[in-house]
Amino acid sequence: INLKREINAPILAGSGINIENVEKFLKFCDGAIVGTCFKENGKINEKVDLERVKKFMNIVKKLREELN
């Protein structure tokens with residue numbers, strides 16, 4: 001089932017999204033809730049790592065360009 005075709009509402013992935021799988025998930029979703037992936041060493045109690053955020057968002061930007 002392709003939910004994006006079946007319902008008229010945004011589809012969000014709620015957890016587990018990371019640099020390695022974001023491309024796979026966003027092919028089927030409109031967005032994602034991202035947290036730990038952005039933290040230093042992927043650890044929830046660490047600070048946000050700006051380089052991890054940039055790398056992730058560069059993948060998202062590239063995918064959006066390809067899909068549009």
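Helices (H or I, at least four residues) and strands (E, at least two) are taken here as DSSP runs, numbered from the N terminus. The model is a predicted one, in which local features need pLDDT of at least 70 and side-chain atom pairs count only at pLDDT 80 or more, while totals for chains, interfaces and linings use all residues. Residues are numbered from 1 along each chain as its sequence is written, and side-chain values use heavy atoms, with hydrogens and water left out.

Along its sequence the protein chain reads α-β-α-β-α, and its secondary structure amounts to three helices and two strands. Buried residues (under 20% relative accessible area with a 1.4 Å probe, protein chains only) account for 24% of the 68 residues.

One of the buried residues is Lys39, which has no salt bridge (a side-chain nitrogen of Lys or Arg within 4 Å of a carboxyl oxygen of Asp or Glu). Lys39 sits in the loop between β2 (31-32) and α3, and its two computed distances to Glu46 are set out below.

| Part of Glu46 | Part of Lys39 | Distance |
|---|---|---|
| Side chain, the nearest of opposite charge | Lys39 | 8.4 Å |
| Backbone oxygen | Polar atom of the side chain | 3.0 Å |

Helix α3 (residues 50-67) also gives the most to the lining of the largest pocket, with four residues. A pocket is an open set of points on a 1 Å grid over the protein atoms alone where a 1.4 Å probe fits, with protein on both sides within 12 Å along at least five of seven lines, and lining residues have an atom within 4 Å of a point. The lining includes Lys4, Asp30 and Arg64.

Note on methods:
Buried means under 20% relative accessible area, exposed over 50%, partly exposed in between (1.4 Å probe, protein chains only). Lys and Arg count as positive and Asp and Glu as negative; His and the chain ends are not counted. A polar contact is a pair of N or O atoms within 3.5 Å; within protein, one must be able to donate a hydrogen and the other to accept it, and residues adjacent in sequence count only if both atoms are side-chain atoms.
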